[in-house]
Amino acid sequence: MKAIVIGGGIGGMCAALALEQSGYQTEVYEAVKIIRPVGAAISIWPNGVKCLNFLGLKTQLQALGGNMAFMAYNDFQHGQTLTRFSMRPLVESVGERPYPVARADLQAMLLERYGAQRVNFGKRVSHIEQDATGVTAWFEDGSEARGDFLIAADGTHSVIRATVTGQPAERRYAGYVNWNGLVSIDESIAPADQWTTFVGEGKRVSLMPVSGNRFYFFFDVPLPQGLAEDRSSVKADLTRYFSGWAAPVQKLIAAIDPQTTNRIEIHDIDPFPRLVKGRVALLGDAGHSTTPDIGQGGCAAMEDAVVLALTLQSHSLGIEDALRRYEARRAERVKDLVLKARRRCDVTHGKQPEVTQAWYEELKQETGERILSGMQETIIGGPLA
Ligand code: FAD
């Protein structure tokens, strides 16, 4: 049995690895010649980590992950700590650590495991067709590929999605812009073993450690869509938006390299129940696009991959039956993640200013218990809980 996997991002590579581990042949087709992920880094929460462990990547991931032993929220103006707590209770309850990792490192790890030379780069799928025995994908260069089934992991702008769901999906602007990148760790900005977030005015500035003595940083600002801002204006833009913020934030703005800082208008897509049609399955952002507010989009793609492979491996009534079961196992879970992230997004980014203000007040009373239990609930909803 051969699977055609469209997309060589996190979802596609995890799907290919999981399917091969379950005894399926795979061919991966990736549109671009060189993958340039949209973000600088990603936090892989224990539900995602367990999926990568399952794919045999435990040691490699540990070498790439930052040590996020503590979590803290700081006041935006003076930088004083609103709350700070250990991540240990979460790690002990779910049985695994979270690992923030640089995206380039994660992508390289997945490609190396699969064999980068085996990925068909520069192959952009234009359309697909299925019949009673398999699926054919056509590429923009006129070539085609055929398999017994097809996994569409072609991301949030998926060209395959509509053939599965029967209708185009609208991407919804979440109301804020995110800038992200990597800088060398500087402990006068934030501790090296902590996820630190400065909050105020519906904005946030966050730092997480990744390997190589680097912080993954991001800035969020509620803004209209389509502003004329890019890398050339990034320092001036951030200086303006974060005027009056604490000294570590100003230091971070001074330290960033505009050439490697990404600016992204954050979107999601209303959850939809249909992830499968016949021999074609959506996976990762193609099947569920979320705001990054609970750091679960990539983790959900990893979960999809593991559930897909285990479902195919453990059922024998044919591909279409197994894919339907994959859909049944994933649809509610990914809907929950997208909606949970959306709720978090609205509170964090001042959609209703009084609700956001109340959250800032709550943070002053937070012992860690409430925040960690919310995370735990998300994590134990994963397939390898
Ligand atoms: P993608 O990574 O988009 O990969 C899709 C691939 O398909 C791409 O390589 C693309 O080139 C290829 N492709 C597209 N069209 C075609 C085509 N027609 N033919 C062939 N190939 C095609 N998630 C987390 O878990 N934790 C986080 O901390 C986190 N932080 C985030 C921060 C930001 C700012 C953003 C924007 C997202 C974040 N996410 C996070 C979400 C995460 O990045 C995505 O969920 C994840 O990258 C989805 O992987 P994917 O493989 O489905 O899609």
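This passage walks through the sheet, hairpin, helix, cores, ligand surroundings and a buried glutamate of a predicted model.

Local features are taken only where pLDDT is at least 70 and side-chain atom pairs only at pLDDT 80 or more, while totals for chains, interfaces and linings use all residues. Residue numbers start from 1 along each chain as its sequence is written, and side-chain values rest on heavy atoms, with hydrogens and water left out.

To start with the strands, an open sheet of six runs in the order β7-β2-β1-β11-β18-β17, with mixed pairing. Helices (H or I, at least four residues) and strands (E, at least two) are DSSP runs, numbered from the N terminus, and two strands pair if DSSP finds at least two bridges between them. At the edges sit β7 (120-121) and β17 (276-277), each pairing on one side only. Within the sheet, β11 (residues 149-152) and β18 (residues 280-282) run parallel and are joined by three bridges; A152 has L282 as its bridge partner in β18.

Elsewhere, β4 (residues 70-75) and β5 (residues 81-86) run antiparallel, with five bridges joining them. A72 is partnered by R84 of β5. Five residues lie between the strands of this hairpin, where G79 takes a positive phi near 80°. Two residues other than glycine also show positive phi: E201, at about 55°, and N213, at about 55°. E201 lies in the loop between β13 (194-200) and β14 (203-210), and N213 in the loop between β14 and β15. With a relative accessible area of 45%, E201 counts as partly exposed, a class between buried (under 20% relative accessible area) and exposed (over 50%), using a 1.4 Å probe and protein chains only.

Helix α9 (residues 297-314) is mostly covered, with 15 of its 18 residues buried. Its end C-alpha atoms are 26 Å apart, which agrees with the 26 Å expected at 1.5 Å a residue; the expected span is 1.5 Å times one less than the number of residues.

As for the interior, the largest nonpolar core holds 92 residues, and L19, I44, L52, L106 and L150 have the most contacts inside it. A nonpolar core here is a set of buried Ala, Val, Leu, Ile, Met, Phe, Trp, Tyr and Cys residues joined through side-chain atoms within 4.5 Å. Another core lies apart from the largest one and has 25 residues, among them I189, A190, V234 and I253. Leaving out residues up to four places away in sequence, L52 touches (heavy atoms within 4.5 Å) C14, I44, L57, K58, L61, L106, M109, L110 and M302.

Around the ligand there are 31 residues, with G11, E30, S43, R103 and D285 coming nearest; a residue belongs here if one of its heavy atoms lies within 4 Å. A polar side-chain atom of E30 is 2.6 Å from a ligand oxygen atom, and a side-chain N or O atom of D285 is 2.7 Å from an oxygen atom of the ligand. G295 uses its backbone instead, with an N or O atom 3.0 Å from a ligand nitrogen atom.

Finally, E229 sits in the loop between β15 (214-222) and α7 (234-241). E229 counts as buried because its relative accessibility is 13%. Its side chain makes polar contacts with those of Y241, at 2.4 Å, and R263, at 2.9 Å. Such a contact is a pair of N or O atoms within 3.5 Å; within protein, one must be able to donate a hydrogen and the other to accept it, and residues adjacent in sequence count only if both atoms are side-chain atoms.
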